[in-house]
Amino acid sequence: ERMNEYLTGKFGMGHWSASQSLRQQLLRAFPGAEVEVLDFVAEAMPNASEAMYKCFNLLVTRGSGLFNLYYKLTQDLPADARPLFETLFLDKLEELVAARRPDAVIATHPLCARMVSRWKGETGSALPLITCVTDLSSHSEWIHKYTDCYLVGSNDIRSRLAAKGVDRDIICVTGIPVRCEFKRPVRRRPGQERNLLIMGGGLGLLPKRDSFYEALDALPGVHTTIITGNNRKLYDRLAGKYAHIEVLGFTDRVYDYMARADLVLTKPGGITLFETIFSELPILAWEPFLEQEKNNARFLVKRGLGRVAAKEPEECLSAIRALIYDDETLEWMAGNMRASGRRRASTACWRAWRPRRGYASDEPEKILGGDRPDRGADGPHRLAAVQGPARHPAAPHPGPAQARLAAAGGGSPAGPPP
């Protein structure tokens, strides 16, 4: 058996989700491997991590302007600044490596990648470090000298990292990892009731006005499912009030609801975006306010995977009405998702590491463990390498949110052929 260790943090649950999805994929590909996911911040600072996460969530929800300014100013700066509590993190990392003796470390948060890289530089360790970039981002916070392989979401990100000096041979386009359950898309049959899925209630993204939900409930032939997450107040307010709106609290079976939906309205986080891609589910994204999510939204618009909806309730309703009944555009978007290329993350990593590590072609288990880098017990399991759809004329009347996104650098909104 081989030990592979994931280091992550809960600064937003996307990093944690990516680690769990990669763990699932690796265990399917390498049944004999031992894979452990660790919240590195909680390991290093068990009495302070929850307070740090709460402060971070407060910053991004209430102080997004400040967060975005910092993000932009550091976009192209070398990521060599020493974080607070660096010595504490390095000491904990030394302890973890000595205790668990992993064969590889996979980082799904930039702080973890930075600490492992710095530790490798100081100790001379050859322990393979794989960094999984969990947004469509080329921010310098992800780039570190002693990283052996990068897993990224698109060819464009690969090119941008290469332009910043990263060796192209160690950048693998694998898509952002999602659970295997999302990779079983269901085709909708004509004439069925249309299903709208809305997520983001737990983040306070849903409109406050009752008129918004009354209008949703009145949409002809549409059944709406709203997932409120841990927002109990919103659940109590909406549950059982509307005939055509089903309200759910927290669920770990989002893939089931995506499988039966025709359209999802949600925030454009990196994980959510690729969950919809694998589910072949067109996405209507809440107009984003964080820079990482703006990049994700530009990607989905440019690739013809979805549109952006304004935050204002009336404009959001207009965007829903314009898309939920448009079978041609929905099928075109689903087709773009279906056409996305796929590549095995484990195989891609192996091909990138082998020439740099001096391993023979018959020794993949020395990196990831298991017998074969490209086959699990029940067949190949892959991550998306999104190549993008064929080019089509732009939609003639983009909504205000989409126009604002394009003006900020997102390009022209895509639409189906005439």
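## Salt bridges and a helix residue: worked exercises

At 16% relative accessibility, Thr272 counts as buried. That value comes from a predicted model, as do the others used below.

**Exercise 1. Find where Thr272 sits, and list the residues it touches beyond its sequence neighbours.**

Step 1: Look up the secondary structure; Thr272 belongs to helix α11.

Step 2: Set aside residues up to four places away in sequence, and the contacts of Thr272 are Met199, Thr266 and Lys267.

Step 3: Check the burial label. Buried means under 20% relative accessible area, and Thr272 has 16%.

**Exercise 2. Work out which parts of the chain the salt bridge between Asp210 and Arg237 ties together.**

Step 1: Confirm the pair. The N to O distance between the side chains of Asp210 and Arg237 is 3.0 Å, and the cut-off for a salt bridge is 4 Å.

Step 2: Place both ends. Asp210 is in helix α8 (residues 210–217) and Arg237 is in helix α9 (residues 232–238), so this bridge joins parts that are 27 residues apart in sequence.

Step 3: Add the accessibility. Asp210 is partly exposed at 32%, and Arg237 is partly exposed too, at 28%.

**Exercise 3. Decide for each partner of the Arg338 and Glu280 salt bridge: buried or partly exposed?**

Step 1: Start from the geometry; the closest N and O atoms of Arg338 and Glu280 are 3.0 Å apart.

Step 2: Locate the partners. Arg338 lies in helix α14 (residues 327–338), while Glu280 is in the loop between α11 (270–279) and β11 (283–286), so the bridge ties together parts 58 residues apart in sequence.

Step 3: Read the accessibilities. Arg338, at 30%, is partly exposed, whereas Glu280, at 11%, is buried.

**Exercise 4. Describe the salt bridge between Asp256 and Arg253 by its distance and the accessibility of its two ends.**

Step 1: Take the distance first: the side chains meet at 2.7 Å, N to O.

Step 2: Turn to the acidic end, where Asp256 has a relative accessible area of 25% and is partly exposed.

Step 3: Finish with the basic end, where Arg253 is partly exposed at 42%.

**Exercise 5. Put these pairs in context: how many salt bridges does the whole structure hold, and which residues join Glu291 in a network?**

Step 1: Recall the chemistry: side chains of opposite charge can pair when their charged atoms come close.

Step 2: Search the whole structure, and the total is 17 salt bridges.

Step 3: Look for linked bridges; Lys72 and Lys294 join Glu291 in a salt-bridge network.

Definitions and conventions
Residues numbered from 1 in each chain as written. Predicted model: local features only at pLDDT ≥ 70, side-chain atom pairs only at ≥ 80, totals over all residues. Heavy atoms only, no water. Helix = DSSP H or I, 4+ residues; strand = E, 2+ residues; numbered from the N terminus. Buried < 20%, exposed > 50% of the residue type's maximum accessible area, 1.4 Å probe, protein only. Contact = heavy atoms within 4.5 Å.
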